[in-house]
Amino acid sequence: MDVEWLSADDVTLMPRQGILKSRSEATIDSFIYSSPMDTVTGFSMIDSMIKANHYAVSCRFFSLKQRSIEESNFRGNPNLFYSTGLSKELVKSMYICGSACNFKRNLSLDIAHGDTIYAHELVKYAKSLNYFPKIMSGTICTPEGAERALLAGCTHIRVGVGSGSACTTRIMTGCGLPNLTAVYRIYKYLSSKYDKDSFTLVADGGIRSPGDAVKYLAAGAKGVMLGNVLSRAKESAGWLK
């Protein structure tokens, strides 16, 4: 059967009967992740996201000095993901340093194509260390790719290839899929085979309003990753001092 590919702009949600007297009565789980862009997630953004009980994903291009500051200020915080590229050496150094200091940290594989043999091998290695409680995949947009990431050891699946406002993947490679359908298809596929609590889908890219975020959550995501929206906040690393 043909798939109807939809983005957030193509969909509005049909409301159901409400059960709350006021929106202030609603309880919302932590679901916002900051994008690991060097113009978004610096130390001020990390601090603000953690204080708001959401999630910060640091930039993998931090210098050694910046990583040292990050480690000393936010050591072992469960709401922080440390980013890496395809670097086994960096993952190993995180493990050695953290184990020596008796703390653990979450890991984010920040690469544009998360469904590669090398990406899955690195995740398997990180998982074997029994040190990283949560591991986020690189960006993925197919159910099969999401399953491979999950089986490799990822707890979080970052969904969205080329859908971000600053991303040039679709321009440079021609690759990508409308992200709302991608999230929905991945959720339906994984939830039909695995426990829903065994994975977290994080919709990444093109989220410009609260309504966009709601659509992704309705499609099966447990979190949304924000770049453009957070880049305009005063805590963003992109502002010139």
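Reader: Which residues of helix 1 are buried?

Author: This is a predicted model. In helix 1, which spans residues 43-51, the buried residues are Met45, Ile46, Met49 and Ile50.

Reader: Why do the buried residues of helix 1 lie on the same side?

Author: Start with the general idea. An α-helix has 3.6 residues a turn, so residues three or four places apart point the same way. Now the case here. Met45, Ile46, Met49 and Ile50 are the buried set. They cover an arc of only 130° around the axis, which puts them on the same side of helix 1.

Reader: What covers the buried residues of helix 1?

Author: The cover includes three strands, namely strand 1 (32-34), strand 2 (56-57) and strand 3 (80-84), together with helix 2 (64-74) and helix 9 (228-231).

Reader: What follows helix 1?

Author: Asparagine 53 follows helix 1, and its phi is positive, near 60°. Histidine 54 sits in the loop between helix 1 and strand 2.

Reader: Is histidine 54 buried or exposed?

Author: The cut-off for buried is under 20% relative accessible area. Histidine 54 has 16%, so it counts as buried. Its side chain reaches the backbone nitrogen of phenylalanine 31 at 3.2 Å. Beyond its neighbours within four places in sequence, histidine 54 is in contact with Ser30, Phe31, Ile32, Met49 and Asn79. Of these contacts, Met49 is one of the buried residues of helix 1.

Reader: Elsewhere, what lines the second largest pocket?

Author: Its lining residues include Leu13, Met14, Pro15, Arg16, Arg23 and Val214. By class, the lining has 7 nonpolar, no polar and 2 charged residues. The volume of this pocket is about 440 Å³.

Key. Residues are numbered from 1 along each chain as its sequence is written. This is a predicted model: local features need pLDDT of at least 70, side-chain atom pairs count only at pLDDT 80 or more; totals for chains, interfaces and linings use all residues. Side-chain values use heavy atoms; hydrogens and water are left out. On a 1 Å grid over the protein atoms alone, a cavity is a set of points where a 1.4 Å probe fits but cannot get out, and a pocket is an open set with protein on both sides within 12 Å along at least five of seven lines; lining residues have an atom within 4 Å of a point. Grid points are joined across faces, edges and corners, and a volume is the space filled by probe spheres set on the points. Ala, Val, Leu, Ile, Met, Phe, Trp, Tyr, Cys and Pro count as nonpolar, Asp, Glu, Lys and Arg as charged, and the others, Gly among them, as polar. Buried means under 20% relative accessible area, exposed over 50%, partly exposed in between (1.4 Å probe, protein chains only). Helices (H or I, at least four residues) and strands (E, at least two) are DSSP runs, numbered from the N terminus. The arc is that of the directions from the helix axis to the C-beta atoms. Contact means heavy atoms within 4.5 Å. A polar contact is a pair of N or O atoms within 3.5 Å; within protein, one must be able to donate a hydrogen and the other to accept it, and residues adjacent in sequence count only if both atoms are side-chain atoms.
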